[in-house]
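Me: Hey, I'm new to this one. Can you walk me through it once it's up on the screen?

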Amino acid sequence: MPDVQSTVLEFVNKLRKRKIEGSQATARCTVELLRSVISQHRVPHANQASALIDAVKAVGEQLVAANPVELAVGNVVRRVLHIIREEDLSLTTAAMGGLDLLDASDDDEDVCNKGIGYPAMSAAVVAAAARSTLRPPSLQTLLEGTPESATVPYTSSSGADSESKTADKSSITRKLKHDVIESVNQLIHEIAGCHEQIAEQAIEHIHQNEVILTLGSSRTVLEFLCAAKEKKRSFRVFVAEGAPRYQGHLLAKELVARGLQTTVITDSAVFAMISRVNMVIIGAHAVMANGGVIGPVGVNMAALAAKKHAVPFVVLAGCHKLCPLYPHNPEVLLNELRSPSELLDFGEFSDCLDFGAGSGSPLLQVVNPTFDYVPPNLVSLFITDTGGHNPSYMYRLIADYYSADDLVM
Amino acid sequence: MESRRNPRAVVDPKVRQVGFFTSSQPDSTQQPDPIASESHPVSSISPSGNSLSPVMIPPPRHTSSDTFPIRAAAASAVSPSSFSYSSRRDFPDGSTTASPGRVSRGSFAKSSVPAASSLPGVGMDSMAAAKSSSVPASGLTTVSVVNMPAGLSEKATGMEVQSDQKKNSKPLKEKTTKAERRALQEAQRAAKAAAKVEGGKAPPVTSGSVASTNVKANKPAKPASQKNDGVAAAGGASEKKGGPSEKDRKKDAPHPRMQYDDESRVVKAKRRAVVKQTEAKNRVELFRHLPQYEHGTQLPDLETKFFQLDPMHPAVYKVGLQYLSGDISGGNARCIAMLQAFQEVVKDYSTPPEKTLNRDMTAKISSYVSFLIECRPLSISMGNAIRFLKNRIAKLPITLSESEAKTALQSDIERFINEKIITADNVIVKHAVTKIRDGDVLLTYGSPSAVEMVLLHAHELKKKFRVLVVDSRPKLEGQLLLRRLIKRGINCTYTHINAISYIMHEVTKVFLGASSVLSNGTVYSRVGTACVAMVANAFRVPVLVCCEAYKFHERVQLDSICSNELGDPNAISKVHGREDINYLDGLTNNANLQFLNLMYDATPSDYISMIITDYGMVPPTSVPVIVREYQKEHLLV
């Protein structure tokens, strides 16, 4: 599959050169790439799920390494891995149980079926399978303490050796890949549609004559505000300009184009204005498992000011922005320094710089970070495509999307 | 002068001490100089430096012989024409010969009013740099000047002689000959040309939002409560002032400021205004109560008015234009420029027949002040300085002859500049430097003059520290500070205010400047200061505010909305030096889009660890104490 390899390399290059920016665009590109990886991957007869997982992981590692700051890549890769595991599990259970659509949605039902109709099946397999999918841990699955064997469900032959199963095998192989691609398509759809999902909730959060402060340029925020506007709410938006990238200008332009009352303020006026603001709405770059937010630079300042004035600080995040990692020193480790030329014109300063000649270290340093970290205690609410959530609940939401085996790639 | 001051020295010998203090100063009769009110580590810079407790408010008197050298030094500092509005060479000698006395002195020859020019040793390298370098430079240079006062006292006497001469030539002013008038016009034209050049050079960043606040509120445009500060009445200068003291007391509370959403008042104010301005089309709803004008509309208009403004003194006019164009910015620089202009006014003043000096001059000053307000709203520090000046005028004994009164006033102004601004800055530097240790990482925001002096002084003391300069759009004043610090070889890091949480980890102390400190401890300062203080507070970094005590005000304020100043909105949509940022180019007239360029914000006192002022280092809760004591002193000086 040379063509896949080349597209992967191309994408890696783009990530490395930061040609693709914005978590949504990156997520979509990633998931499309992974889909082609999966579809062109030739699966062996045995262990096909793990083979797929290995292939996706290999690609995923390259992508993550290309731009470790763009957490959406890792999120999507984990998500795809999770999909493969889940599809495989449902196929396994279906095959073992002979049930076509025992879509592993409910443990109790699972257990019921097993207990009544198919006593021959190994309870251990089902239990292990159930655990591996990160189902809500029920007391039963916990108590059925079979020795841990993560591989059990995937090597489907090892679990049971009934005649019917081997007969079905060939159909399963084809079915797995097909199902996975179906699900990945769903994921693509989900990522593309997360704006609408989030925007639908706008009307519940924005009231008449509200004053909203936002910063950075986020399509999610734009759609969110416009959705409220379309529902005939009239409100006013303050946009902090977000120097030195001035994405606030971009957002303001689009808001004005859609007919919203927009006021552009300098970043330094955030504290001055926050006392007259009813709500701060920002789009996240990534949401960490502890409920912390990585957003455009300057967000932490706004969050602190909002906290001081008891203004709700609302973060909009599509599901692809949920990152299952717990941050350590995120201001530094999950940040990226951009070019100092955005802040200073070095031509103007050339006369007072000696450019390190002679002296050991240069006199002037310029810091231009891209992101800012907001600790969870400053966030009032997350609005994701599945609804509103507390920062303290994010870990649970994340557990729904990713399987525990993939957290460390 | 002597005769006026001596009795007072006897009247009020007590030393007020605030807070805890280490050494008490028993010999209060020795008249401790305010400039010497420093804490222990400070080696005094004034000739009569007796070191006092860390926080103390000394009585505000001196024998004039004591302070005269200093005054003289500053007078020489202020001496003419390193950069002048209309440079002398510009106008032909022929015209001046017609009326040497009138033209050359009266209007321009000695008109080096702007602070930028008046201070020796300021690098005149570029206008942009000069704009804000002026004040710090003044502070620093005066240290050295003060140290050798002997040689300079001559100049001061020379100055006196001059003003005496002028008194003689004063009567000429009344009946100017045709030739004189022509000469004057000539000079004014030259001045105008110079102004134009200046205006072109300086980016019109400062707000020209004109007219404002307190002054317009009461009819003949008297800033706030100036005129009625109780004790002034005791001077018996004018019958109006001599009114019942209860009334004065009541009026001590700050006068309600002009509210621009009050239509009838706005209309009235407009009728009075010298400067006609177009109102901005896209006004921000929240700030209807503040003046919002189109920028850049006033300057040409004012320039054409130059000839019609007969009552306006050229020095005042020039300072007004400089405010408008943004050539002078920064609290101290603006205040010094204004006071020096008023000094010129006093120098050229002659009492009209059948009027008393006190009343007429107060009215004159008031009209000048209202003009300055139209150019740019007064800062609180300027309000305080004006209040001081009016007080001095009101309290002039009627027995004084005109020339004596004028000399007294001029020296009063001189003294205010020296003691309240320049010496105060030196004292602040001495205090603040003790807080800088080796290895410190200091953060500062914008380009506060006092902090700059602190940093430079600490560097001179060979302390090893690093400075983080945080800046913000649209003024980017931090770049000017950065440039000056780097030139001195200080290790700097530069960033924008958005990145403040990123860099706050490494900071050990935050030094901020202030436009004013209000009596509830709120620090009213360059917009963004509150953000910096808040983040510093969140990261448990101490915040030190350097502010001269003359900027303290008894007003209180809770937010940054009720009273503020609006800058040029177009400065926000245009990003200087970044052509790629042009998203908002065609949208400036869109009804849905507004730009808000706030100039100041109010930092709550809980973010402030310490305020370093010329009376020592105090917590924000002590501000009302200083305001109270200071105001008393103010009236007694």
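Reply: Sure, and let's settle a term before we start. A salt bridge here is a side-chain nitrogen of Lys or Arg within 4 Å of a carboxyl oxygen of Asp or Glu. Keep in mind too that this is a predicted model.

Me: Okay, which residues are linked in a network of salt bridges?

Reply: The network is made up of Glu21(A), Arg245(A), Arg338(A) and Glu342(A).

Me: And how many salt bridges does the structure hold over all chains?

Reply: The count over all chains is 26. One pair in chain A is Glu190(A) with Arg79(A), whose side chains meet at 3.2 Å, N to O. That pair links distant parts of the chain: Glu190(A) sits in helix H9 (residues 163–199) of chain A and Arg79(A) in helix H4 (residues 71–97) of chain A, 111 residues apart.

Me: Is Arg79(A) buried or exposed?

Reply: Arg79(A) is buried, because its relative accessible area is 10% and the cut-off for buried is under 20%. Glu190(A) comes out as partly exposed, with 27% relative accessibility.

Me: Let's switch to chain B. What does it look like overall?

Reply: Chain B has 23 helices and 14 strands. It runs to 637 residues, and 65% of them count as buried. Its exposed surface is about 23,200 Å², with carbon and sulfur atoms supplying 55% of that.

Me: How much of the contact in chain B is between residues 24 or more positions apart?

Reply: Taking the contacts in chain B with a separation of 6 or more, 80% are between residues 24 or more positions apart.

Me: Got a salt bridge in chain B to show me?

Reply: Try Arg392(B) and Asp412(B), whose side chains meet at 2.8 Å, N to O. Arg392(B) belongs to helix H16 (residues 380–394) of chain B and Asp412(B) to helix H17 (residues 402–433) of chain B, so the pair ties together parts that are 20 residues apart in sequence.

Me: Are those two buried or exposed?

Reply: Arg392(B) is buried at 2% relative accessibility, and Asp412(B) is buried at 0%. For another case, look at Asp360(B) and Lys355(B), which form a salt bridge with their closest N and O atoms 3.8 Å apart. There, Asp360(B) counts as buried at 11% relative accessibility, whereas Lys355(B) counts as exposed at 51%.

Me: New topic: strand E5 of chain B. What does it pair with?

Reply: E5(B) covers residues 491–496 and is mostly covered, with 5 of its 6 residues buried. Strand E4 (residues 465–471) of chain B pairs with E5(B) in the parallel sense over 6 bridges. In that pairing, Tyr494(B) of E5(B) has Val469(B) opposite. Strand E8 (residues 364–366) of chain A also pairs with E5(B), in the parallel sense and over 3 bridges.

Me: Oh, a strand from chain A! Which residue is the bridge partner of Leu364(A)?

Reply: That's Cys492(B), in E5(B).

Me: And what goes between E4(B) and E5(B)?

Reply: Helix H19 (residues 477–487) of chain B joins E4(B) and E5(B) in a right-handed β-α-β unit. H19(B) is mostly covered, as 10 of its 11 residues are buried. Among the buried ones are Leu480(B), Leu481(B), Leu482(B), Arg483(B) and Arg484(B). Just after H19(B), you'll find Gly489(B) with a positive phi of about 85°.

Me: Back to the two chains. How many residues does the contact take from each?

Reply: It takes 62 residues from chain B and 56 residues from chain A. The area buried between them is about 5,000 Å², and carbon and sulfur atoms give 62% of it. On the chain B side, Asn498(B), Tyr502(B) and Tyr583(B) lose the most area to chain A, together 15% of what that side buries.

Me: How many salt bridges are there between chain B and chain A?

Reply: The count is 3. A salt bridge you can look up joins Arg276(A) and Asp559(B), with their side chains meeting at 2.2 Å, N to O.

Me: Last one: how covered is helix H17 of chain A?

Reply: H17(A) spans residues 394–401 and is mostly covered, with 6 of its 8 residues buried. Those residues are Met394(A), Arg396(A), Leu397(A), Ile398(A), Ala399(A) and Tyr401(A).

Note on methods. Residues are numbered from 1 along each chain as its sequence is written. Chains are lettered from A and ligands numbered from 1 in the order in which they are written. This is a predicted model: local features need pLDDT of at least 70, side-chain atom pairs count only at pLDDT 80 or more; totals for chains, interfaces and linings use all residues. Side-chain values use heavy atoms; hydrogens and water are left out. Helices (H or I, at least four residues) and strands (E, at least two) are DSSP runs, numbered from the N terminus. Buried means under 20% relative accessible area, exposed over 50%, partly exposed in between (1.4 Å probe, protein chains only). Contact means heavy atoms within 4.5 Å. Accessible areas come from the Shrake-Rupley method with a 1.4 Å probe; for residues, only the protein chains shown count as cover. Two strands pair if DSSP finds at least two bridges between them. A crossover is right-handed if, with the strands pointing away from the viewer, the path from the first strand over the helix to the second runs clockwise. Buried area is the accessible area (1.4 Å probe) that two parts lose on being put together, summed over both.
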